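User: I would like to learn how to read strands, burial and contacts in a model like this one. Could you walk me through it?

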Amino acid sequence: YEASINPPSSYVGQTVNYIISFLDIGDGVGREGLGSADITIPAGYSVDTTQRLIIWTSTTPEKEWVATWDLASNIGIHLRSLGDKNTLSNGETVSVQFTATNPTSAGNYPWGVVATTNSGHGGTSFPFTLIGDNPVTANKAAIFIVRDFPSSITAGTQGTFTVTAKDEYDNIATDYTGIVHFTSSDNQAV
């Protein structure tokens with residue numbers, strides 16, 4: 001099986017419509033079709049568990065699956081087919097869509113997933129990591145921080161300081177490529 005997340009990356013604090021898809025790749029090792037899947041949403045994400053989960057399959061006619069919020073220990077989503085005739089076969093996918101607000105710190109946030117075959121008597125579980133671990137990056141620059149600016153300096157003497165572009169959550173905006181202009185009320189400043 002393969003699983004993927006879309007979008008594969010996003011910004012801190014951003015509210016995103018996520019789609020997680022599971023593909024039965026039918027790798028020829030005799031596994032039965034995908035019958036259920038569990039998704040663990042990483043810590044730091046904020047989800048409204050009263051929202052409706054949207055689910056669909058790639059088949060015609062569409063196979064019957066349900067999605068529910070799993071609040072037992074971690075916030076997660078449980079997907080399952082409604083009976084053996086609805087399990088996925090080679091090349092078929094099941095997808096779930098939901099909205100989550102990203103963490104306020106940049107970093108990699110791996111989502112946990114476990115796929116289970118539907119053997120009619122419990123199935124076999126296959127844990128794996130989503131393709132694309134959803135790195136959350138800093139937003140666009142919202143403020144500029146000036147550090148190490150000398151409190152006084154003799155006219156004509158060179159000085160150094162650091163300017164850092166940060167987003168609204170105090171993360172460094174690493175993709176900022178704009179120009180910063182400085183002005184001074186000192187008529188001897190160069």
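**Reading a strand-built model**

Analyst: Happily. Lysine 166 is a good place to begin; it sits in strand E15, which covers residues 162–166. Keep in mind that this is a predicted model.

User: Is lysine 166 buried or exposed?

Analyst: The cut-off to remember is that buried means under 20% relative accessible area. Lysine 166 has a relative accessible area of 10%, so lysine 166 counts as buried.

User: Which residues is lysine 166 in contact with, leaving aside its neighbours within four places in sequence?

Analyst: Its contacts are Lys140, Ala141, Ala142, Ile143, Ile145, Arg147, Asn171, Ile172 and Ala173.

User: Let me step back to the whole chain. How many helices and strands are there?

Analyst: The chain has zero helices and 15 strands. Of its 190 residues, 34% are buried. The accessible surface is about 11,100 Å², and carbon and sulfur atoms account for 50% of that. For contacts between residues at least 6 apart in sequence, 66% join residues at least 24 apart.

User: How should I read strand pairing?

Analyst: The general idea is that strands of a sheet pair through backbone hydrogen bonds, either parallel or antiparallel. In this structure, E4 is a helpful case. Six bridges join E4 to E11 in an antiparallel arrangement, and alanine 37 has alanine 115 in E11 as its bridge partner. E4 is also antiparallel to E8, with five bridges between them. There, aspartate 38 stands opposite histidine 78, and serine 36 has arginine 80 as its bridge partner.

User: How many of the residues in E4 are buried?

Analyst: Five of its seven residues are buried, so E4 is mostly covered.

User: And which strand does E8 join through six bridges?

Analyst: That is E7, and the two run antiparallel. Threonine 68 pairs with histidine 78 in E8, while tryptophan 65 pairs with serine 81.

User: What can I learn from the two faces of a strand?

Analyst: In a regular strand the side chains alternate between the two faces of the sheet. E7 lets you look at each face in turn: Trp65, Ala67 and Trp69 form the covered face, and Val66, Thr68 and Asp70 form the uncovered one.

User: How do I recognise a nonpolar core?

Analyst: In soluble globular proteins, nonpolar side chains tend to be buried together. Here the largest nonpolar core has 30 residues, and the members that touch the most others are Phe22, Ile39, Ile77, Leu79, Phe98 and Trp111. The elements giving two or more residues to this core are E1 (2–6), E3 (15–23), E4 (34–40), E7 (65–70), E8 (76–81), E9 (93–101) and E11 (112–117).

User: Which residues are in contact with isoleucine 77, leaving aside its neighbours within four places in sequence?

Analyst: They are Ala37, Asp38, Ile39, Ile41, Leu53, Ala67, Thr68, Trp69, Asp70, Val96 and Phe98.

User: Where can I find nonpolar residues on the surface?

Analyst: Look for the patch formed by Phe144, Val146, Phe149, Phe161, Val163, Tyr176, Val180 and Phe182, which together have about 700 Å² of accessible area. Phenylalanine 144 belongs to strand E14, residues 143–147. With a relative accessibility of 39%, phenylalanine 144 counts as partly exposed.

User: What does an open sheet look like, and which strands stand at its edges?

Analyst: One open sheet has three strands in the order E2-E13-E10, with mixed pairing. E2 (10–11) and E10 (107–108) are at the edges; each has a single partner strand, so one side of each lacks a neighbour in the sheet. E2 and E13 (residues 135–137) run parallel and are joined by two bridges. In that pairing, serine 10 has valine 136 as its bridge partner.

User: How does proline 135 fit into this picture?

Analyst: Proline 135 lies in E13. Its relative accessible area is 26%, so proline 135 is partly exposed. Proline 135 and serine 9 are 126 residues apart along the chain, yet their C-alpha atoms are separated by 5.1 Å. Leaving aside neighbours within four places in sequence, proline 135 is in contact with Pro8, Ser9, Ser10, Gly107 and Asn108.

Methods. Residues are numbered from 1 along each chain as its sequence is written. This is a predicted model: local features need pLDDT of at least 70, side-chain atom pairs count only at pLDDT 80 or more; totals for chains, interfaces and linings use all residues. Side-chain values use heavy atoms; hydrogens and water are left out. Patches are made of residues with over 30% relative accessible area and no salt bridge: like charges are joined within 9 Å, nonpolar side chains (Val, Leu, Ile, Met, Phe, Trp, Tyr) within 5 Å. Accessible areas come from the Shrake-Rupley method with a 1.4 Å probe; for residues, only the protein chains shown count as cover. A salt bridge is a side-chain nitrogen of Lys or Arg within 4 Å of a carboxyl oxygen of Asp or Glu. Helices (H or I, at least four residues) and strands (E, at least two) are DSSP runs, numbered from the N terminus. Buried means under 20% relative accessible area, exposed over 50%, partly exposed in between (1.4 Å probe, protein chains only). A nonpolar core is a set of buried Ala, Val, Leu, Ile, Met, Phe, Trp, Tyr and Cys residues joined through side-chain atoms within 4.5 Å. Contact means heavy atoms within 4.5 Å. Two strands pair if DSSP finds at least two bridges between them.
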